[in-house]
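Student: I have a new model to look at and I'm not sure where to begin. Could you walk me through it?

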Amino acid sequence: MNYGLPYKGSKNRIAKRILEVLPPAPVLYDVFAGGCAITHAGLLSGKYSRVVANDINGMIPHAFETAITGGVTALFIGVLVMLAMGLAIAFFREMVL
Ligand SMILES: C[S@@+](CC[C@H](N)C(=O)[O-])C[C@H]1O[C@@H](n2cnc3c(N)ncnc32)[C@H](O)[C@@H]1O
């Protein structure tokens with residue numbers, strides 16, 4: 001299992017073990033979250049009702065959140081629709097002009 005995004009210094013390999021030894025709590029705070037390996041393992045563990053990720057570089061936690069909430073799929077579908085519309089317009093112009 002790969003946890004979080006590929007990231008320098010990622011806890012991916014030990015994330016599951018870390019989650020096993022952490023005591024139960026309502027909220028997991030993943031400070032210095034980096035690629036969010038601990039956040040990811042915490043979400044999958046079902047031990048926490050809320051998981052909070054913090055990093056000075058907000059783009060990485062944001063990318064992780066987008067990936068797990070389906071934003072990437074929505075973005076991918078949007079790009080496909082735009083490509084299809086572009087092809088349809090090009091085809092229409094070719095046929096009419
Ligand atoms: C070794 S990485 C953490 C890797 C992460 N535990 C994982 O498994 O992917 C250290 C992180 O700390 C962040 N960081 C450094 N200084 C910080 C600060 N003052 N506040 C919040 N995050 C900080 C860096 O941006 C970097 O992503």
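Tutor: Let us begin with one term: a residue counts as near a molecule if its C-beta atom, placed from the backbone, lies within 6 Å of it. Please also keep in mind that this is a predicted model.

Student: Okay, so how many residues surround the ligand, and which are the closest?

Tutor: The ligand is surrounded by 15 residues, and the closest of them are Gly9, Lys11, Phe32, Gly34 and Ala37. Sorted by kind, the residues of this shell are six nonpolar, seven polar and two charged.

Student: Where does Phe32 lie?

Tutor: Phe32 is found in the loop that runs between β1 and α2, and its phi is near 55°, which is a positive value in a residue other than glycine.

Student: And is Phe32 buried or exposed?

Tutor: Phe32 is exposed, because it has 10 other C-beta atoms within 10 Å, and a residue with 12 or fewer falls in that class.

Student: What about Cys36, where is its place?

Tutor: Cys36 also has its place in the loop between β1 and α2, and its phi, near 70°, is again a positive value in a residue other than glycine. Cys36 counts as buried, however, because it has 29 C-beta neighbours inside 10 Å, and the class begins at 20.

Student: Let's move on to the helix after that loop. Which residues of α2 are buried?

Tutor: Helix α2 covers residues 37–45, and its buried residues are Ala37, Ile38, Thr39, His40, Ala41 and Gly42. Ala37 is also one of the residues closest to the ligand.

Student: What covers those buried residues of α2?

Tutor: The cover includes α1 (15–21), β1 (27–30), β2 (50–53) and α3 (59–68). After α2 comes Gly46, whose phi is positive, near 75°.

Student: How do the two strands β1 and β2 pair?

Tutor: β1 and β2 pair in the parallel sense, over four bridges, and one example is Leu28, whose bridge partner in β2 is Val51. Together with α2, these strands make a β-α-β unit that is right-handed.

Student: Which residues of β1 are on the covered face?

Tutor: Leu28 and Asp30 form the covered face of β1, whereas Val27 and Tyr29 form the uncovered one.

Student: Changing topic: what is Ser10 in contact with, leaving aside its neighbours in sequence within four places?

Tutor: With those neighbours set aside, Ser10 is in contact with Gly4, Gly34, Gly35 and Ala37. Ser10 has its place in the segment before α1, and although Ser10 and Gly35 are 25 residues apart in sequence, their C-alpha atoms are 6.4 Å apart in space. Ser10 is partly exposed, because 18 other C-beta atoms lie within 10 Å.

Student: Can we zoom out? What pattern does the protein chain follow along the sequence?

Tutor: The pattern along the sequence is α-β-α-β-α-α, made up of four helices and two strands. Of the 97 residues in the protein chain, 23% are buried, and among the contacts with a separation of 6 or more, 47% join residues 24 or more positions apart.

Student: Last one: which element has the lowest mean pLDDT?

Tutor: That is helix α4 (residues 71–96), with a mean pLDDT of 68, while β1 has the highest, at 97. For the protein chain, the average pLDDT is 86, and 87% of the residues score at least 70.

Notes
Residues numbered from 1 in each chain as written. Predicted model: local features only at pLDDT ≥ 70, side-chain atom pairs only at ≥ 80, totals over all residues. Contact = placed C-beta atoms within 7 Å. Nonpolar A, V, L, I, M, F, W, Y, C, P; charged D, E, K, R; others polar. pLDDT = per-residue confidence, 0-100. Pairing = 2+ DSSP bridges. Right-handed = clockwise from strand over helix to strand, strands pointing away.
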